[in-house]
Amino acid sequence: MWIVVAVAVAVAAAGSLFAWSARRSNRAGSAPSASASITIGAPTSTTETSTTSASPSGEPTASLTTGPAAIALGPTCSSDKYGYQISYPQGWYTSEDAGFNCQFFDPEPMTIRPDTEVYGIAVTIFPFSDTYGRTMSSFLDPEFSQVISVTPSTAGGQSASQIEVSATGNGFDAKGTMTYAYVVDLNGKGLVLLTNGFPGATYDVDRAVVDLMAGSLTFTK
């Protein structure tokens with residue numbers, strides 16, 4: 001089954017920065033389709049990570065085991081427009097449409113329709129929507145988000161903040177929707193790598209994918 005993606009570019013509307021992000025209720029807690037390369041069961045507290053050297057041949061660059069779910073990064077895509085490169089899980093797909101190249105990642109193929117909304121995407125990159133400071137403020141606004149954690153981090157050799165919030169229900173996302181993101185400070189601009197959804201096995205796995213992808217991110221200009 002193909003996921004249809006409708007993309008809204010107007011993210012500055014009142015509510016939150018991540019109003020454009022995927023509405024995940026149709027996938028949260030469910031098993032992936034037959035096209036997915038991971039298996040999902042009940043989440044556990046056991047997480048193991050391992051990394052290997054990067055390979056231009058598409059061999060895995062990182063892997064993760066969370067309970068019964070196994071993930072390995074393999075393919076790499078690049079955005080010439082925004083100047084970054086990132087790896088994503090084997091068996092997943094990335095957007096290749098003009099204007100949205102290397103921005104959306106999911107176990108199922110995607111079709112892009114500009115100027116509407118986004119539905120059902122596992123991991124999304126939103127490049128340089130605003131300054132780093134205003135991007136962070138959008139995520140942490142107490143009217144729209146209950147902050148779970150904010151942790152200093154790095155991605156692509158740049159300073160970043162690793163954040164997790166739960167929606168209050170006053171904005172775009174339904175109450176209790178979790179968002180997990182890296183907000184990268186690139187010369188004062190904020191690049192966002194995120195997933196969101198209701199708590200459950202699917203969200204837990206996609207959250208782990210975001211960590212692996214953040215570790216593979218590089219900037220090319």
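Trainee: Buried means under 20% relative accessible area, exposed over 50%, and partly exposed in between, with a 1.4 Å probe and protein chains only. Is Glu-164 buried or exposed?

Mentor: Glu-164 is buried, at a relative accessible area of 9%. This is a predicted model, where local features need pLDDT of at least 70 and side-chain atom pairs count only at pLDDT 80 or more, while totals for chains, interfaces and linings use all residues. Residues are numbered from 1 along each chain as its sequence is written, and side-chain values use heavy atoms, with hydrogens and water left out.

Trainee: What does Arg-207 form with Glu-164?

Mentor: A salt bridge, with the closest N and O atoms 3.2 Å apart. The term takes a side-chain nitrogen of Lys or Arg within 4 Å of a carboxyl oxygen of Asp or Glu. This pair links distant parts of the chain, 43 residues apart: Arg-207 is in helix H2 (residues 201-216) and Glu-164 in strand S11 (residues 158-167). Helices (H or I, at least four residues) and strands (E, at least two) are DSSP runs, numbered from the N terminus. Arg-207 is partly exposed, at 26%.

Trainee: How many salt bridges does the structure hold?

Mentor: It holds 2. Arg-134 and Asp-130 also meet through their side chains, at 2.9 Å, N to O. Asp-130 is partly exposed, with a relative accessible area of 25%.

Trainee: Back to H2. How many of its residues are buried?

Mentor: 12 of 16, so H2 is largely enclosed by the rest of the structure. Among them are Tyr-203, Asp-206, Val-209 and Met-213. Leu-212 is in H2 too, and counts as buried at 11% relative accessibility.

Trainee: What is the distance in space from Leu-212 to Leu-73?

Mentor: 7.5 Å, C-alpha to C-alpha, with their positions 139 residues apart in sequence.

Trainee: And what span should H2 have?

Mentor: 22 Å, and its end C-alpha atoms are 23 Å apart, which agrees. The expected span is 1.5 Å times one less than the number of residues.

Trainee: New topic. How many residues has the largest nonpolar core?

Mentor: It has 31, and those with the most contacts inside it include Tyr-84, Phe-105, Val-123 and Leu-217. A nonpolar core is a set of buried Ala, Val, Leu, Ile, Met, Phe, Trp, Tyr and Cys residues joined through side-chain atoms within 4.5 Å.

Trainee: Which element gives the most to this core?

Mentor: H2, with 8 residues.

Trainee: What does Val-123 touch?

Mentor: Not counting residues up to four places away in sequence, its contacts include Trp-92, Phe-105, Leu-193, Asp-206 and Met-213. Contact means heavy atoms within 4.5 Å. Apart from this core lies another, of 9 residues, among them Met-136, Phe-139, Ile-163 and Val-192.
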